[in-house]
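Here is a short, friendly briefing to read alongside the structure. It takes the pocket, a surface patch and a few residue pairs in turn.

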Amino acid sequence: VATMIPALFLPLICLSATFKALCGISAGACNAAITQHMAMRGNIADVGAKNGAQHTLLSLLAVPTGIVFAQAANVSPTRLAAAFLFLTATHVIA
């Protein structure tokens, strides 16, 4: 969306980074409660370590996938808007 309005590119990117940081803070706050819930036998450290390993692997797979997806979606403004709507809907539903 930011590339469609060049005059507002920097403010939109800054706003996007702010919202992403807020989501990260919220996710981190919820992660402790979820980890504590999943640790049935007092093994919070083990559950947290496994979660960290899975997060690292997923991040390593997501970076190249995201690059390919971004190149495919950034062909036209229509395709970019469609990709944005699809990803937003998928995120909300998931």
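Helices here are DSSP runs of H or I with at least four residues, numbered from the N terminus. By that naming, Gly48 lies in helix α2. Please keep in mind that this is a predicted model.

**The largest pocket**

- Let's begin with the open space: the largest pocket holds about 1,600 Å³.
- Its lining counts 29 residues, and those closest to the pocket centre are Ser16, Lys20, Phe84, Leu87 and His91.
- Three helices each give at least two residues to the lining of this pocket, namely α1 (9-38), α2 (44-73) and α3 (77-93).
- Which helix provides the largest share of that lining? It is α2, with ten residues.
- By residue type, the lining of the largest pocket splits into 17 nonpolar, eleven polar and one charged.

**The nonpolar surface patch**

- Moving to the surface, you will find a nonpolar patch of about 410 Å², made by Leu15, Phe19, Leu22 and Ile25.
- Leu15, one of the patch residues, is found in helix α1.
- Is Leu15 buried or exposed, or does it fall in between? Its relative accessible area is 42%, so it counts as partly exposed, a label for values between the 20% and 50% cut-offs.
- Patch residues need over 30% relative accessible area and no salt bridge, and the 42% of Leu15 is in keeping with the first of these conditions.

**Two residues of helix α2**

- Gly48 has a relative accessibility of 32%, and therefore counts as partly exposed.
- Ala70 also has its place in helix α2.
- With a relative accessible area of 41%, Ala70 is likewise partly exposed.

**Separations in sequence and in space**

These pairs link the patch residues with the two α2 residues; each distance runs from C-alpha to C-alpha.

- How far apart are Gly48 and Phe19? They are separated by 29 residues in sequence and by 25 Å in space, C-alpha to C-alpha.
- Ala70 and Phe19 stand 51 residues apart along the sequence, while their C-alpha atoms are 20 Å apart.
- For Leu15 and Ala70, the sequence separation is 55 residues and the C-alpha to C-alpha distance is 19 Å.

Conventions: Residues are numbered from 1 along each chain as its sequence is written. This is a predicted model: local features need pLDDT of at least 70, side-chain atom pairs count only at pLDDT 80 or more; totals for chains, interfaces and linings use all residues. Side-chain values use heavy atoms; hydrogens and water are left out. On a 1 Å grid over the protein atoms alone, a cavity is a set of points where a 1.4 Å probe fits but cannot get out, and a pocket is an open set with protein on both sides within 12 Å along at least five of seven lines; lining residues have an atom within 4 Å of a point. Grid points are joined across faces, edges and corners, and a volume is the space filled by probe spheres set on the points. Ala, Val, Leu, Ile, Met, Phe, Trp, Tyr, Cys and Pro count as nonpolar, Asp, Glu, Lys and Arg as charged, and the others, Gly among them, as polar. Patches are made of residues with over 30% relative accessible area and no salt bridge: like charges are joined within 9 Å, nonpolar side chains (Val, Leu, Ile, Met, Phe, Trp, Tyr) within 5 Å. Accessible areas come from the Shrake-Rupley method with a 1.4 Å probe; for residues, only the protein chains shown count as cover. A salt bridge is a side-chain nitrogen of Lys or Arg within 4 Å of a carboxyl oxygen of Asp or Glu. Buried means under 20% relative accessible area, exposed over 50%, partly exposed in between (1.4 Å probe, protein chains only).
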